[in-house]
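Reader: Before I rely on any label attached to a structure, I would like to see how each one follows from a value and a cut-off. Could we go through them in that way?

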Amino acid sequence: MNTPASLSTPLQGASNFRDVGGYRTAEGLRIKRGRVFRSDHLAGLTADDLAQLQRIGLTHSLDFRGVAECATTPYAIPGVSRLALHIEPSVIIKMQALVAQGIEPSTEDTVELMCGTYRDFVNHNASTFGRFLRHLLEQPTPQVFHCTAGKDRTGFAAALLLSALGVDRATIEHDYLLTNQLYRRDPNVEGKGPAHVMQVLWGVQPAFLQAALDTVDQQHGGMQAYLHGAIGLSTQDVAALRTLLLENA
């Protein structure tokens with residue numbers, strides 16, 4: 001496993017905002033810093049935050065939130081083009097359906113619901129994640145991608161990007177789990193469900209990402225086959241993405 005020198009860029013009105021750059025690949029190259037960032041939602045940015053993003057030179061934001069999420073907390077960043085890549089928060093919908101039936105899920109039930117969500121990312125949202133990777137390739141960086149908490153949809157997107165760039169899985173899991181250190185839970189969602197359920201929903205666990213990676217391996221023939229198959233990237237696309245975002249260490 002390897003870690004970049006700088007893990008995060010603190011913002012006042014967003015959390016879990018960090019540079020994807022700095023990690024080394026299996027071939028000994030390094031992901032360029034200052035090109036691609038990940039975050040939670042960007043609807044609460046302060047004037048200082050906006051100035052910092054301007055200094056970064058941000059050009060595009062890639063928003064994985066669902067339709068209702070985008071409508072509830074819209075945002076616009078001057079000089080930044082936003083691309084909606086809607087993936088609905090299915091685990092919340094499933095949880096609400098259980099509560100409506102008078103069923104309180106256990107911790108184990110909630111973990112399995114989250115694992116099912118990650119399997120769905122692989123099998124039902126591949127075309128959307130493919131659009132994400134192609135946008136990074138086709139549009140000028142710096143870019144930021146995010147969802148509401150920057151942990152699940154964003155976490156799987158980051159795992160795909162790091163995989164395409166040749167980063168090992170231990171490092172990918174490390175990057176994924178940083179959310180538990182960097183994400184600040186929204187006080188507006190506190191108390192809206194049983195504490196043990198919310199504890200699972202608003203964090204990340206290795207089992208979640210592993211459920212997705214196991215699905216990639218078992219149902220799609222491994223990550224490279226998945227990237228070239230369901231995700232829709234050609235060999236040339238992956239090579240171009242590496243040329244764009246990698247440098248000598």
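Author: Gladly, and with one caution at the start, namely that this is a predicted model. A good place to begin is D49, whose side chain reaches the backbone nitrogen of G13 at 2.7 Å and the backbone nitrogen of T46 at 3.0 Å.

Reader: What makes the approach of the D49 side chain to the backbone nitrogen of G13 a polar contact?

Author: The cut-off for a pair of N or O atoms is 3.5 Å, and the side chain of D49 reaches the backbone nitrogen of G13 at 2.7 Å, which is within that cut-off and is therefore counted as a polar contact. D49 itself is found in helix α1, residues 47–56, and, leaving aside residues up to four places away in sequence, D49 touches L11, Q12, G13, A14 and G44.

Reader: How do you know that D49 has no salt bridge?

Author: A salt bridge requires a side-chain nitrogen of Lys or Arg within 4 Å of a carboxyl oxygen of Asp or Glu, whereas the nearest side chain of opposite charge to D49, that of R184, is 6.9 Å away. The buried D49 is therefore left without a salt bridge.

Reader: Why is the pair of R18 and D175 called a salt bridge?

Author: The side chains of R18 and D175 meet at 3.0 Å, N to O, and since the limit is 4 Å, the pair is therefore counted as a salt bridge. R18 lies in strand β1 and D175 in helix α7 (residues 169–177), so the pair ties together parts that are 157 residues apart in sequence.

Reader: What makes R18 and D175 buried or exposed?

Author: Buried means under 20% relative accessible area; R18 is at 1% and therefore counts as buried, and D175, at 2%, counts as buried as well.

Reader: Which residues are linked with R18 in a network of salt bridges?

Author: R18, R38 and D175 are linked in such a network, in which the side chains of R38 and D175 meet at 2.9 Å, N to O. That pair links distant parts of the chain, with R38 in strand β3 (residues 36–39) and D175 in helix α7, 137 residues apart. R38, at 1% relative accessibility, counts as buried.

Reader: Why is R82 called partly exposed?

Author: The relative accessible area of R82 is 37%, and partly exposed covers what lies between 20% and 50%, so the label follows. The side chain of R82 meets that of D63 in a salt bridge at 3.0 Å, N to O, and D63, at 0% relative accessibility, counts as buried. R82 is in strand β5 and D63 in strand β4, 19 residues apart.

Reader: What makes β4 and β5 paired strands?

Author: Pairing needs at least two bridges, and β4 (residues 60–63) and β5 have 4 in the parallel sense, so the two strands count as paired. One of these positions is H60, whose bridge partner in β5 is S81.

Reader: Why are β1 and β5 said to stand at the edges?

Author: The open sheet has 5 strands in the order β1-β3-β6-β4-β5, with mixed pairing. β1 (18–19) and β5 (81–84) each have a single partner strand, so one side of each is left without a neighbour in the sheet.

Key
Residues numbered from 1 in each chain as written. Predicted model: local features only at pLDDT ≥ 70, side-chain atom pairs only at ≥ 80, totals over all residues. Heavy atoms only, no water. Buried < 20%, exposed > 50% of the residue type's maximum accessible area, 1.4 Å probe, protein only. Lys, Arg positive; Asp, Glu negative; His and termini not counted. Polar contact = N/O pair within 3.5 Å; in protein donor to acceptor, adjacent residues only side chain to side chain. Contact = heavy atoms within 4.5 Å.
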